[in-house]
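This report describes how helices and strands are arranged in one protein. Please keep the sequence and the structure in view while reading.

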Amino acid sequence: MQTVTIKNLTKKFDSNVALDNLSLNIEKGKITGLIGADGAGKTTLLRTIIGLLLADEGEINVLGFNPKTQKDELNMHIGYMPQKFGLYEDLTVIENLKLYADLKNVPHDFDKMLEFTTLAPFQDRLAGALSGGMKQKLGLACTLLGNPEFLLLDEPSVGVDPISRRDLMKMVREMITPETTVLWSTAYLDEAHSFDTAVVIDKGKVIYEGKPHELAPTPQEFENKVIDLMGGYKQEESLIAKNYNYDAPNVELTVEADNLEKIYGNFYAVKNNTFQIKKGEIFGLLGPNGAGKSTSFKMMCGLAKPTNGTARIMGIDIKKNPEKARANLGYMAQKFSLYGSLTVRENLNFFALAYGISVLQRNKKVDEVIEVFGLKEYENMKAQDLPLGLKQRLSMAAALIHNPPVLFLDEPTSGVDVLTRRDFWNHITSLSKKGVTIMVTTHFMDEAEYCDRISLFYKGETIAIGTPTELKQKANAKDMETAFINLIKESEK
């Protein structure tokens, strides 16, 4: 029995074909993973299935309803969690739950939900003050209210740590009935490998539909097979690294954190954070959501003032001489921090000016960066209109435009597809070989393997530091995800 039947679906935005004569069946009572590159049509498909977008051509039947003409009736049977956080940040956890319960006309019976999500101690906290993982748990909890027959989740685990990802998966599997159908869009292919069915779409077409284990038995093999289906990935020389020229002082320790602390009232966001990074090293800062990684980044590049301690960039104290220290640094923030109303070219011009590149050199430098980063066909597009992968590419271009000797990358690949991730890491590893020092955070544990050393952060403190091999040995684990989880659990004892 099918929950969704789609025949010859087409959806265009101006001249862009988002869904191209797509046909698909989604089986009742199964968890189906939806996989594809940025711009492949995943979100458009989800929104069309529930009637938020109307197709130009084709037929859709969802639970016996036509989303185009029976959207209100269909809404009573579905739960939809959008990609962007859709809750009210100025309401508390419990107020959000009550609001969604009222919208779905269900009782205010949240005890089981609050206990299962571990949100019970935080029910009076504003949703906007929750960590990334807790926000996603609350969003999923609101979506699950009323026991919907059909659950549509648009990348619910994007930007959350491995422990929170497992919690989200457990929530879905244990809080739905055997008859519930789930359509789960994801950038994590190990996640998709665990589902009943995998659907891979590319350029608006379905290119694979079947059981993940029929494509490959292991998650890593599955990822490689999916990449092959999407046209394959050929690692080429990084033009970014090739064109990267900088005059860096001969400093062995390029980044140093010296007893960094950040205290809010009685709460330690970061406590006694101390480490040293050598020239050309890729240093990973890993930890659960809310562990203090982004706060450390902001202190180390002068965007937040440390309560105690200091940091040095290329030997320059960030507290004593912040402007001189920051001149040696490129920073890519976790959230898209460029100017949405400016075009790609205008953003790069602005950052070139901000980093002190002369008028004579500016246009040449912007032209070069646009070419190297593959942004030529998008240079006159507003930044806010770019797909997520291109937004991340533009953010990285802005951070690198002045060729700094040190790069801080805060979750640079969050939410982007597997091909884009491999491309990013080709550039990162190539830059490190040229002597650029890189500090990076990530929630993709396969990416942690690229790091020379890793500091595992939990509750504001370093609980382990070493090479990926050393951390796996310490945790008695075969992979970094298991090592991450084991070391966190060990620290809680």
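## The pair α13 and α14

Helix α13 (residues 344-354) and helix α14 (residues 359-372) pack with their axes 10 Å apart, at an angle of about 130°. The two helices are therefore oblique to each other, and their crossing is right-handed.

On the α13 side, the residues that meet α14 are R345, L348, N349, A352 and L353. Their counterparts in α14 are R362, N363, V366, D367, V369 and I370. Sorted by class, the contact of α13 with α14 consists of 6 nonpolar, 2 polar and 3 charged residues.

## Confidence in the model

The structure is a predicted model. The mean pLDDT of the protein is 89, and 99% of its residues reach 70 or more. Confidence is highest in strand β4 (residues 57-62), at a mean of 96, and lowest in helix α15 (residues 388-400), at a mean of 84. As a general caution, predicted coordinates should not be read in detail where pLDDT is low.

## The six-stranded sheet

One open sheet has 6 strands in the order β15-β16-β17-β12-β18-β19, and the pairing is mixed. Its edge strands are β15 (329-332) and β19 (461-466), each of which pairs on one side only. From one strand to the next, the twist averages 15°.

Within this sheet, strand β12 (residues 282-286) and strand β17 (residues 437-441) run parallel and are joined by 3 bridges. Which residue of β17 stands opposite G284? The residue is V440. In general, strands of a sheet pair through backbone hydrogen bonds, in either a parallel or an antiparallel manner.

## Helix α15 and its neighbours

Helix α15 lies across β15 and β16 (406-410), and it runs at about 165° to β15. Helix α15 also packs with helix α16 (residues 418-433), at an angle of about 15° and with the axes 11 Å apart. How are α15 and α16 oriented, roughly parallel or roughly antiparallel? An angle under 35 degrees counts as roughly parallel, and α15 and α16 are therefore roughly parallel to each other. The crossing in which α15 passes α16 is left-handed.

In this contact, G389, Q392, R393, M396 and L400 of α15 meet T420, F424, H427, I428 and L431 of α16. The contact of α15 with α16 has 5 nonpolar, 4 polar and 1 charged residues.

## The four-stranded sheet

A further open sheet has 4 strands in the order β11-β10-β13-β14, with antiparallel pairing. Strands β11 (267-278) and β14 (316-317) stand at its edges with a single partner strand each, so one side of each is left without a neighbour in the sheet.

Strand β13 (residues 308-313) runs antiparallel to β14, and 2 bridges join them. One bridge partner pair is formed by I313 and by I316 in β14. Helix α11 (residues 293-300) packs on this sheet and touches β10 (253-264), β11 and β13. The direction of α11 makes about 115° with that of β10.

## The hairpin of β8 and β9

Strand β8 (residues 197-202) and strand β9 (residues 205-210) run antiparallel and are joined by 5 bridges. V200 has Y208 in β9 as its bridge partner. How many residues lie between the two strands of the hairpin? There are 2 residues between β8 and β9, and K203 in the turn has a positive phi of about 55°. As a general point, the side chains of a regular strand alternate between the two faces of the sheet.

## The pair α18 and α19

The axes of helix α18 (residues 468-475) and helix α19 (residues 480-492) cross at roughly 55° and come within 9 Å. The helices α18 and α19 are therefore oblique to each other. The crossing in which α18 passes α19 is left-handed.

Helix α18 contributes P468, L471, K472, K474 and A475 to the contact, while α19 contributes M480, A483, N486 and L487. By class, this contact of α18 with α19 has 6 nonpolar, 1 polar and 2 charged residues.

Methods. Residues are numbered from 1 along each chain as its sequence is written. This is a predicted model: local features need pLDDT of at least 70, side-chain atom pairs count only at pLDDT 80 or more; totals for chains, interfaces and linings use all residues. Side-chain values use heavy atoms; hydrogens and water are left out. Axes are lines fitted to C-alpha atoms, for helices over the stretch in contact, and angles run from 0 to 180 degrees between N-to-C directions. Angles under 35 degrees count as roughly parallel, over 145 as roughly antiparallel, 65 to 115 as roughly perpendicular and the rest as oblique. A crossing is left-handed if the near helix is turned anticlockwise from the far one by less than a right angle, and right-handed if clockwise. Contact means heavy atoms within 4.5 Å. Ala, Val, Leu, Ile, Met, Phe, Trp, Tyr, Cys and Pro count as nonpolar, Asp, Glu, Lys and Arg as charged, and the others, Gly among them, as polar. Two strands pair if DSSP finds at least two bridges between them. pLDDT is the predictor's confidence in each residue, from 0 to 100.
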